[in-house]
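Thanks for making the time this morning. I would like to walk through a few contacts in one structure, beginning with charged side chains and ending with backbone angles.

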Amino acid sequence: MEDIKENLIPNLHFAENDEEELAEEIGLPRRSTIPSLLQRNSQINLLEQIDDKVHQNAMNEIRRRQGTVRFASTKTTRQDKARPPDDQTPFGESLMVLEFGESAPFEAIQWIMEKIRGRRVDGGLELLVRKEPLSKDSQTIIFHISATHMKLLEIADDMGFMKRTKTGIIRNFNVACLDEFFYDEGMALEDILTPADRQIIIKHALESIKAADDEHRIPGTKIILYHGQSIIQAAQSAELISNLYSLHDKRTLKELRHRWIKPTRVQPIDEIRDYFGESVGMYFSFLGFYTYALVVPTVFGFLQLGLSEETETVPFFCVFYVVWMKVFLELWKRKSSSHAYRWGTITMTNLDEPRPGYYGKLARDPITGKWTPQYPKWKTYVQMYCVTAPIILLCMGIAAFVTIFQFYVEAYLAELFGPDAYILYLPSVVNAIYIAVSTLAYDRLATYLTDKENHRTQSQYERHRVNKLIVLEFVNNFLCLFYIAFILQDMKMLKTQLMMQLIVLQFLQNVFENLYPYLKKKVGLKIVRLFVKSNYEKLKEAHESYDEMGLRSLDDDDPRVIQNRKETILEEYNTYDDYLELYIQFGYVVLFSSVAPLTAFWAILNNVIEIRLDAYKLCSFFKRPFARRTKNIGAWQLAFETLAVISILTNCGILYLSPHMRELGAGFTRESYTLTFLVIEHVLLGLTWFIYKAIPDTPHWVRVALAKAEHESRQALKREVLQEKVQQQNIVRWR
């Protein structure tokens, strides 16, 4: 048996451009493309039956491979086997930057680093780690984390990524069938995963470092761990890890910005998704789709303006806006489904796992029996109904007071200066500024209240946070308009107030969301150097200890060192604020625009400018956001649909109060007139239901493609089972 092993299993090392030698040695057929890893795995499985230890060494080499394999007689010493993988592997792109807190003890940092870079057999992740060299301005210890391409592909396989195959079908990625995912002759190994994929994978890998049964706390700290808890998330919650972020890929970002900011070009949605991830890509696709959809009400708005300056055309446009908004939302569902299929997220589901900020008393899970944090549900309900609800009602009361007070001020100014004085616009402008400022406060308030409610999963957290924002912003932005429309019943004042709020609010939001990140980038680093104390002498001794651990440093002149110092102070980006801005704008367009036909025009003008401004600020003034995989716009879809339903009520109310309709219904009694509009309202609701049923959420070609992918997956499983039987027969023959 030893003779057989010596002949079959010489020592391995890996090199590039040596496919033919590999084929001759292990019997693989020669091919013009990259050798099939499925056949390679078949040979390895055969060797595994002879010696499991040799198989493990071979697989460790395959994980480090970026080219092809060849056999040689180089010997591997015991010292090499004990050395962490990153000591022998070139450090590539910095996929993640990990920054520890100033008070982080050496024992904790050492323990976490061993978890990240250690060998898999020792419970490590086998990721590549480099520490950032110290400078006179250093305040903390900073590490750069990377991984080999094969390691990333293995984790992508475990995560259930879906990728395009040679046949054009999107199906689950399988590293054992790697050849099938080279759908282009010019593709290299690193082209299979996008920059956003690599970021998602490395973040998932870090968060997947779980505490073992015998690991009850992080060494050197009082941070308590329970079995199966994410160590990185626990360290972040306790501020042991002060920052975790990714650096920009300057070359890719520069190319993307060049194509994206030009107003004459269509948005490169797929390139945006490849770099920033599905969440950001989905937002900008929605923004573009919504902007194109606004062309229709803009055309009809100018038509309404040209036909009459009175309210004779209000009934027609009330019905039009109801139909338009429902068709728009249903068509967007189809478009988002198309994106989700092409991006490989259409079949993803939300796992019922605790979110990073979830806390509670450790207790045994009644289902799994593991020790996990348990937080009584009744405490969440008490927080929601006894704390959150009264605060929301208080905010609504403040907004109502400001609204009513505005009209008292306008009436007082009208008495002093006359009804046509320009100073009468001042209360409306002040109210618009108040709305813009309070929007920022409400965003933080919603986050704070949702944190206190302590929802278990991320999906629950996001849904409740969005619900609070919807209620607060609806009252803050639209209560004034409801008061004018249905209490004062002054359509001329409604039109003036609507246009004033829309234009002033959009202007202030665009100025703030671009000016603040710009100033932070330009002066932030100077402020840090002036007011933040350096810990260079304290960190110098610790750095020497990390050298003894074998943690190598980046070169002093490595461009990533300078880049990190510039990007660490940048503002963080999320899509919440941008979705909220669109939600408010959509409310102005659909709720009352039948009496202000130019609202759609001002909205489309703002969006055309904002698309390019957002592109520029995201590529220039923000940290690289964490990519998030998503198949739609999440809770915001429900928010927009809720506005659509409310708009039916408001438009029917405006139609009911329309002087033209009152003239037509002069022969009706009050009860008959009211009943007529109740019928119209229900007819419009029925029309929206009919549109919902008539337009499928998923296009036919996507359903067909999913069925084909399912068929291919079943066939591939059959082939693997058949090949496994052949391998077993071959093993018997060899023996």
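Lys326, Glu330, Lys333 and Glu641 are joined to one another in a network of salt bridges, and please keep in mind throughout that what we have on the screen is a predicted model. With a cut-off of 4 Å between a side-chain nitrogen of Lys or Arg and a carboxyl oxygen of Asp or Glu, the count comes to 21 salt bridges, and I will take three further pairs in turn.

In the pair of arginine 117 and glutamate 114, the closest N and O atoms are 3.6 Å apart, and both residues belong to helix α6, which covers residues 106–117, where they sit three residues apart, or about one turn of the helix. Is each partner buried or exposed? Arginine 117 has a relative accessible area of 0% and is therefore buried, whereas glutamate 114, at 35%, counts as partly exposed.

The pair of glutamate 180 and arginine 171 has its closest N and O atoms 2.2 Å apart, a value that I simply report as it was computed from the model. Here glutamate 180 is partly exposed, with a relative accessibility of 27%, while arginine 171 is buried at 6%.

For the third pair, arginine 628 and glutamate 462, the closest N and O atoms are 3.9 Å apart. Arginine 628 lies in the loop between α22 (599–620) and α23 (635–657), and glutamate 462 lies in helix α17, so this salt bridge ties together parts that are 166 residues apart in sequence. Both partners are partly exposed, arginine 628 with a relative accessibility of 39% and glutamate 462 with a relative accessible area of 22%.

Glutamate 462 also brings us to a helix packing, since it is one of the α17 residues that meet α21. How do α17 and α21 cross? The axes of α17, residues 458–488, and α21, residues 576–591, come within 11 Å and cross at roughly 40°, and the two helices are therefore oblique to each other; the crossing is right-handed. On the α17 side the contact includes Arg465, Leu469, Phe474 and Leu481, and on the α21 side it includes Tyr576, Tyr583, Gly587 and Leu591. The residues of this contact divide into 12 nonpolar, two polar and three charged.

Another contact between parts distant in sequence involves arginine 334, which is placed in helix α14, residues 314–342, and which counts as partly exposed at 25% relative accessibility. Arginine 334 and proline 696 are 362 residues apart in sequence, yet their C-alpha atoms are 7.2 Å apart in space. Leaving aside residues up to four places away in sequence, arginine 334 touches Ile695, Pro696, Asp697, Thr698 and Pro699.

Finally, there are two backbone angles to look at. Glutamate 126, although it is not a glycine, has a positive phi of about 65°; this residue lies in the loop between α6 and β4 (128–131), and at 13% relative accessibility it counts as buried. Asparagine 454, likewise a residue other than glycine, has a positive phi near 60°, and its place is in the loop between α16 (426–453) and α17. With a relative accessible area of 2%, asparagine 454 is buried.

Key: Residues are numbered from 1 along each chain as its sequence is written. This is a predicted model: local features need pLDDT of at least 70, side-chain atom pairs count only at pLDDT 80 or more; totals for chains, interfaces and linings use all residues. Side-chain values use heavy atoms; hydrogens and water are left out. Axes are lines fitted to C-alpha atoms, for helices over the stretch in contact, and angles run from 0 to 180 degrees between N-to-C directions. Helices (H or I, at least four residues) and strands (E, at least two) are DSSP runs, numbered from the N terminus. Angles under 35 degrees count as roughly parallel, over 145 as roughly antiparallel, 65 to 115 as roughly perpendicular and the rest as oblique. A crossing is left-handed if the near helix is turned anticlockwise from the far one by less than a right angle, and right-handed if clockwise. Contact means heavy atoms within 4.5 Å. Ala, Val, Leu, Ile, Met, Phe, Trp, Tyr, Cys and Pro count as nonpolar, Asp, Glu, Lys and Arg as charged, and the others, Gly among them, as polar. Buried means under 20% relative accessible area, exposed over 50%, partly exposed in between (1.4 Å probe, protein chains only).
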